[in-house]
Amino acid sequence: MSDKTILLAHGSGGRLTHDLIREVFYRYLGNPLLNTRDDAAVWPLPATCEPLPTAPARLAMTTDSYVVQPIFFPGGDIGKLAVCGTVNDLAMAGAQPLYLTAGFILEEGLRFDDLEQVVASMAHTAKEAGVAVIAGDTKVVDRGSADRIFINTAGVGLVPPGIEISGANARPGDVVILSGPVGLHGLAIMSQREGLGFSFPLQSDCAPLNGLVAAMLQADAHIHCLRDPTRGGLATTLNEMAAQSGVGIEIQETCIPVPESVRAVCDLLGLDPLYAANEGKLVSIVPPEAEARVLNAMRQHRYGREAVAIGQVTTAHPERVVLQTPLGAHRILDMLSGAQLPRIC
Amino acid sequence: MKYLDEFRNPEAAQRLLARIHHRSTQPVRLMEFCGGHTHAILKTGLRQLLPPTVRLLSGPGCPVCVTSSADVDHAIALALLPGVILATFGDMVRVPGSGGTSPPTPLLMTEKMSPGEGSRSLAARMTGHVSSGEGCSSLQEARAQGADVRMVYSTLDALAMARANPQRSVIFLGVGFETTAPTVAAAILQAQAEGLRNFYVLSLHKLTPPATRAILDAGKVQLSGIIGPGHVTTIIGADAWRFLPDDYGIPCAIAGFEPLDVLQAVCSLVDMIERGTPGVSNDYARNVRSEGNRVAQGIMHSVFRVGAAEWRGLGSIPDSGLLLRDEYAALDAAQQFPVQVRPSQEPHGCRCGEVLRGVIEPPECALFARACRPEHPVGPCMVSGEGACAAYMQYGEGRNV
Amino acid sequence: MCLAVPAQVISLAGQEAEVDFGGVRRRISVVLTPEVRVGDYVLIHTGFAINVLDEEEARETLKLFQELDEFSETPQKGP
């Protein structure tokens, strides 16, 4: 453990910057494209990208910024989150993720060891996801101008021909599938917050889902929608898709898996697990004939073992999500309006 | 989870519902006094499952909802004072006051903290002035303007803040009914025992039986029965509700918050009404005794004395609020930090008062779901997650499902 | 009203207890329930135990739900 910290000089572009990039970023993230040290990475399109008579090659691209606090949390850190978040955005479009960029804004005074841990974590996650970070940037700002580390990413991927996945494609009769238990990431983060003082036995579910999506598409290419229920939780994501597709969605509350500890903290603080963030789950909307094959493929995969059908798409109540409660009544499940705050009443 | 899951059993719920359907012959209006009950009822969709003869109305049991705008302004004004850390339960952070509270200048900008981020806040910065353009209409806005507003789960966390920040004044916003007041009282005793000199409480605590009387005395609503607040009654005891059958001839069933608890209470009320035998039915016996929690009552009364309090929508009610006793004047934020606030004013068109009195249901207010929504609430009934209007919006009542 | 949940007391130390609720642990104050013992279930509100749960009453109530017959009278509880 060293006492070294990031100085403003590390962002000046001079020798210190080059040393930092070499000792941390190239050391962990290095790959042939990144190692050229040019201002931009240049690579040929893979053969599968060649235009076909009926199916033009398509690229998918996404961008995101990561400002999570604390930067280390049970089950992950801001680096892992950055890679997973970007990879997952691409995967939700049915794309095979290829390359990421990573821009770092570092706060003066950030411990070197912390930066190294974050970057090592990114490298590890990128390796699992089969992606490479091929371009990057580093800036250092005054103490107080950033909360230790901010990370911005862009991601690029390849969408195979015949894949048409969009939040607008849900059709009445489709089945809504959830890949596993909800609430883990949101609650893991919250458990680190000062003043709430509870010990949470579970971890963030942060994970790259491109492998899971590939397995699902192989089982049945006719997947209509994919989305990961991050900020705003499952409820918000379902509402987004219902609105985009102009359909109604009905969900059976008893089918939604919620870990006991997640439920416990939610009961304690007056929160609803359906609005808590997830960083390693996906919602898939598929035609009914694809349900069995897709579920089966998901359950064979480490990130989909507890995949379950939770509801269906309907013509009733268009653009609204309705929840059937354990008592058999129906109520509207709206999207999150503001942030969920713990309450005592 | 033990002692929770069993009280959510759907088969037992169906049996209770069948019984209610079977027993209920005459139309009845039952008031769920407590916001927590409103929440539970709407979340499970219970209203749809009850027979049309049983009508549930939401009462003023939401301590946040009944906080007057003057009291919210008072809290904001304290938060804006230099050197103050305003510690509050999450419930109060977004409640709108009158919108006219400005920070005094100059203001030293202190460490910021918002509920969305962890304790690693931006480093402290001292500046000479903060622009005091518009007034702050909530504690959240005050924080955006530089006030140090921090959310806590327990008063004890506020005590810890005081110990950790000896040069700052930690003011705890005491909101809540008899369930919460003893916990705040215990914290005050702890602060005094430790000789903590920088911990203060602004007491906005209120008492529920007086409010219930005020609603019944106003006479604008015909109520057949009351679903009594379970956790308040844990403290004050089931006997505290005897005045309902004795003085008003109205039955009361003390209810817990799980679906079976609420259904059992509705069942008891229907039974008592059908038989014409109003009484107090303790349907939360695992957590409620006739005499309540005597230790908690003792602690509460040793620290607080009873006085008049202003209830939003109900006006000033005598002997309905808790104020710090003289022995604790040194910890009383109201005395130690005098500030000027405007008298309460209801925003134009806001009918929170009528909602709180059960005179109208949220959808009958012209502002509901239009000008008044959770993202931009007009009155507290929409802001508090427990408020009748917010619960209606969240769970879709008032819109056809 | 007022969110309060039942948790089991795992250990006691003076005026504080460590409780377990669905696998989640927290330290709380027991000044309002001085009679509490390890193993008891307590109702927690804002970091304090406000009542020791009466397990016998809980069992009775659950038994009543089990035996519920829509045609019989509800036995009335309380004063």
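User: Which strands of chain B does helix α4 lie across, and what is its angle to β3(B)?

Analyst: Good place to start! This is a predicted model. Helix α4 (residues 69–79) of chain B lies across β3, β4, β5 and β6 of chain B, and its direction makes an angle of about 140° with β3(B). Angles here run from 0 to 180 degrees between N-to-C directions, so a value of about 140° is past a right angle.

User: What makes β4-β3-β5-β6 of chain B an open sheet, and which strands stand at the edges?

Analyst: The 4 strands come in the order β4-β3-β5-β6 (chain B), with parallel pairing. At the edges stand β4 (148–151) and β6 (199–203) of chain B; each has a single partner strand, so one side of each has no neighbour in the sheet. From one strand to the next, the twist averages 25°.

User: How do you know that strands β3 and β5 of chain B pair?

Analyst: Count the bridges. Pairing needs at least two bridges between the strands. Strand β3 (residues 84–88) of chain B and strand β5 (residues 169–174) of chain B have 4 bridges, in the parallel sense, so they count as paired. To find one of these on screen, look at Leu86(B), whose bridge partner in β5(B) is Ile171(B).

User: What makes β10(B) and β11(B) a hairpin?

Analyst: The two strands form a hairpin with 3 residues between them. Strand β10 (residues 304–311) of chain B pairs with strand β11 (residues 315–324) of chain B in the antiparallel sense over 7 bridges. The cut-off is at least two bridges, so this pair passes the test. Gly307(B) has Gly321(B) in β11(B) as its bridge partner. In the turn, Gly313(B) has a positive phi of about 85°.

User: Which part of chain B has a pLDDT under 50?

Analyst: That is the stretch of residues 105–134 of chain B, for which the model has 54 contacts beyond four places in sequence. The scale runs from 0 to 100 and gives the predictor's confidence in each residue, so a value under 50 falls in the lower half of that scale. For chain B as a whole, the mean pLDDT is 85, with 88% of its residues at 70 or more.

User: Where in chain C is confidence lowest, and where is it highest?

Analyst: Confidence is lowest in helix α1 (residues 55–67) of chain C, with a mean of 89, and highest in strand β5 (residues 48–52) of chain C, at 97. Chain C averages a pLDDT of 87, and 85% of the residues score at least 70. The model itself has an ipTM of 0.89 and a pTM of 0.87.

User: How many residues of chain B are in contact with chain C?

Analyst: 51 residues of chain B are in contact with 34 residues of chain C. A pair counts if the C-beta atoms lie within 7 Å. On the side of chain B that touches chain C, α1(B) gives the most, with 6 residues. By class, that side has 23 nonpolar, 19 polar and 9 charged residues.

User: And how many residues does the contact take from chain B and from chain A?

Analyst: The contact takes 46 residues from chain B and 34 residues from chain A. On chain B's side, the largest share, 4 residues, comes from α2(B). That side has 22 nonpolar, 14 polar and 10 charged residues.

User: What domains does the domain assignment of chain A give?

Analyst: The assignment gives domain 1 (8–159) and domain 2 (175–332). Their C-alpha centres lie 27 Å apart. The domains also touch: 21 residues of domain 1 of chain A are in contact with 20 residues of domain 2 of chain A. From domain 1, α3(A) supplies the largest share of the touching side, 8 residues. The residues of that side divide into 12 nonpolar, 7 polar and 2 charged.

User: At what angle do helices α6 and α9 of chain A pack?

Analyst: Helix α6 (residues 210–219) of chain A and helix α9 (residues 291–300) of chain A pack at an angle of about 145°, with their axes 8 Å apart. The crossing is right-handed. Among the residues that meet are Leu212(A) and Met216(A) in α6(A), and Val294(A) and Met298(A) in α9(A). By class, this contact has 7 nonpolar, 3 polar and 1 charged residues.

Methods:
Residues are numbered from 1 along each chain as its sequence is written. Chains are lettered from A and ligands numbered from 1 in the order in which they are written. This is a predicted model: local features need pLDDT of at least 70, side-chain atom pairs count only at pLDDT 80 or more; totals for chains, interfaces and linings use all residues. Two residues are in contact if their C-beta atoms, placed from the backbone, lie within 7 Å. Ala, Val, Leu, Ile, Met, Phe, Trp, Tyr, Cys and Pro count as nonpolar, Asp, Glu, Lys and Arg as charged, and the others, Gly among them, as polar. Domain bounds come from an automatic or database domain assignment. A crossing is left-handed if the near helix is turned anticlockwise from the far one by less than a right angle, and right-handed if clockwise.
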